[in-house]
Amino acid sequence: MLLIGNGRLVTRSQGTGFYENGCVAIDGKRIKKIGETNQLKKEFPEAEFIDAKGGIIMPGFVNMHNHIYSSFARGMSINGYAPHNFMDILEGLWWRLDRSMNLADCYHSGKVAYLDGLKNGVTTVFDHHASYGGIAGSLHELSRAADEYGIRTCLCYEVSDRDGFEKMKAAVKENLDFIKVSQQRTDDLQKAMFGMHAAFTLSDKTLDYCVSNTPDDVGYHIHVAEDIADVKDSLQKYGKPIVNRLYDFGILGEKTMLGHCIHIGPHEMELIRDTNTMVVTNPESNMGNAVGCPPALRMFDEYQILMGLGTDGFTNDVTESFKFANLIHKHHLADPTAGGNQIPAMLFENNPQMANRHFETKLGVLEPEAAADVIVVEYQGPTPMTAANPNGHILFGVNGAMVRDTIIDGVIKMRNREVVGIDEEKVWHEAQVQANDLWRRINN
Ligand SMILES: [Zn+2]
């Protein structure tokens, strides 16, 4: 038994939202009980006690869209790279990077990205992977890295025609192989989706090949209308908008997640709604790539689409996405109230709901029988925290580096900012050596 108490407890569970001095009792992989610290200490006197010292005790964060392979782009310079638009960024940076990535790059980028996630209080990561320099076995390398920390993750490989027919087929096979392996697991720590890059790098023949090979109960993870060029391509080549095209191939559905959806119209939103498809928005990435602001609030309010937040490889700290999401819509709509309710709902309610379309154990809430994925944030705050205002405190006062303890699946993974059983210095060092080697391969 493990107790985490003496903190401001934010449960995200209906009925018992907030305790001024609350405590979580964990038994095995699940939460056993929530209550006042004194009461639970009396009830479970033998339990190990983690003292939150007045900080915030809350569910671990879920990142619904990441690209772990992009970890090695930090600080990289590519000879001749000078992008003018999003297509230049893809061709000049990301595709050059992933074309050079081998299996060792995949493993070590996984080791640092998951470590960074843990340190930022992220307990579940949905990743969208590409490494066209080493396709077969690449998801296994990420899976292996995740298992070494015991972090929850859902993986897929982004199929694309951009490197030719044989590599496209290898990418499909990599998805199918990992889907099989993940379905044999019973620990609810790793899941699989079928990954696709984006409509403009997927011909009809390829989409047909993907869909005809994918088991029925598997969802797709694909970028949609991230840039207007994706939309133009679809209209010119196929005479229909992207979402209609995906719908016609049977790709939409409740386990499928579309990334971005920046340049889509009302009819496409209807198709997403009617098929109960999920959408993940990545505000920091959208601003960085200068691709526009998604109609996320419209999709959320008017179409009631299940919308979540991701980091899209920009960071492993989901609180950054939270802050950017809070600002982008206010700025774009010239409305200082925009997103006030919707953005916290995306991060704290929808991300776990979306993740639970793949993971069985209830995520994102602290209540009996839910997953024991809990974080302690070292935070005091200049004003009272009450049942009505934790989101305001987290938005303006919390970032990932303030996460002190991370517990996943009932196991203490980070205690006082030190990751248990991991030589962190070694992980960073090995990654740096590997990244340096990758950079050399890219520029030669
Ligand atoms: Zn992405």
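Which residues coordinate the zinc ion? The close-up views below start from that question, and they show a predicted model.

**View 1. The zinc ion and its four donor atoms.** Here you can find His65, His67 and His223, each offering its NE2 atom, together with Asp312, which offers OD. These atoms coordinate the zinc ion at 2.0 to 2.2 Å. How should we describe the site of the zinc ion? The angles among the four donor atoms run from 89 to 167 degrees, and the site is irregular. A tetrahedral site would need all angles between 85 and 135 degrees, so an upper value of 167 degrees falls outside that range. For orientation, the ideal angle for four tetrahedral donors is 109.5 degrees.

**View 2. Where the zinc donors sit along the chain.** Reading along the chain, the donors follow the spacing H-x1-H-x155-H-x88-D. Histidine 67 belongs to the loop between β6 (61-66) and α2 (86-100), while aspartate 312 belongs to the loop between β14 (307-309) and α12 (318-333). Because these two residues are 245 residues apart in sequence, the pair ties together distant parts of the chain. Are they buried or exposed? Histidine 67 is buried, with a relative accessible area of 7%, and aspartate 312 is buried too, at 9%.

**View 3. The four-stranded open sheet.** Follow the strands in the order β6-β7-β8-β9, with parallel pairing. At the edges stand β6 and β9 (190-192); each has a single partner strand, so one side of each is left without a neighbour in the sheet. Neighbouring strands are turned by 15 degrees against each other on average, direction ignored. A good place to look in detail is the pair formed by β7 (residues 122-127) and β8 (residues 152-155), which run parallel and share three bridges. In this view, valine 125 stands opposite threonine 153 of β8. Helix α13 (residues 342-355) packs on the sheet, where it touches β6 and β7, and its direction makes about 65 degrees with that of β6.

**View 4. The five-stranded open sheet.** This time the order is β10-β11-β12-β13-β14, again with parallel pairing. The edge strands are β10 (194-198) and β14, each with a single partner strand, so one side of each is left without a neighbour in the sheet. From one strand to the next, the twist averages 25 degrees. Helix α13 turns up here as well: α13 lies across β12, β13 and β14 and runs at about 100 degrees to β14.

**View 5. Bridges on both sides of β12.** Strand β11 (residues 220-224) runs parallel to β12 (residues 257-260), and four bridges join the two. Which residue of β12 is the bridge partner of isoleucine 222? That partner is leucine 258. Three bridges join β12 to β13 (residues 278-281), also in parallel. In this second pairing, methionine 257 has methionine 278 of β13 as its bridge partner.

**View 6. Helix α4 and the glycine that follows.** Helix α4 (residues 138-149) has 12 residues, which at 1.5 Å a residue should span 16 Å; the end C-alpha atoms are 18 Å apart, which agrees. Among the buried residues of α4 are Leu139, Leu142, Ala145, Ala146 and Tyr149. Ser138, Glu141 and Ser143 are buried as well. After α4 comes glycine 150, with a positive phi near 75 degrees.

**View 7. Cysteine 210 and its contacts.** Cysteine 210 is part of helix α6 (residues 204-213) and is buried, with a relative accessible area of 0%. Setting aside neighbours within four places in sequence, cysteine 210 is in contact with Val159, Val172, Phe194, Met196 and Tyr220. If you zoom out to glycine 400, 190 residues apart along the chain from cysteine 210, the two C-alpha atoms are separated by 37 Å.

**View 8. Glutamate 424 and its contacts.** Glutamate 424 is found in helix α15 (residues 424-443). Is this glutamate 424 buried or exposed? Glutamate 424 is buried, with a relative accessible area of 13%. Leaving aside neighbours within four places in sequence, the residues in contact with glutamate 424 are Leu115, Lys119, Arg417, Glu418 and Val419.

Conventions:
Residues are numbered from 1 along each chain as its sequence is written. This is a predicted model: local features need pLDDT of at least 70, side-chain atom pairs count only at pLDDT 80 or more; totals for chains, interfaces and linings use all residues. Side-chain values use heavy atoms; hydrogens and water are left out. The expected span of a helix is 1.5 Å times one less than its number of residues. Buried means under 20% relative accessible area, exposed over 50%, partly exposed in between (1.4 Å probe, protein chains only). Donors are N, O and S atoms within 2.8 Å of the metal (3.2 Å for Na, K and Ca); water is not among the atoms, so sites may look incomplete. Four donors count as tetrahedral if all angles lie between 85 and 135 degrees; four count as square planar and six as octahedral if opposite donors are over 155 degrees apart and all others between 65 and 115; anything else is irregular. Contact means heavy atoms within 4.5 Å. Two strands pair if DSSP finds at least two bridges between them. Axes are lines fitted to C-alpha atoms, for helices over the stretch in contact, and angles run from 0 to 180 degrees between N-to-C directions.
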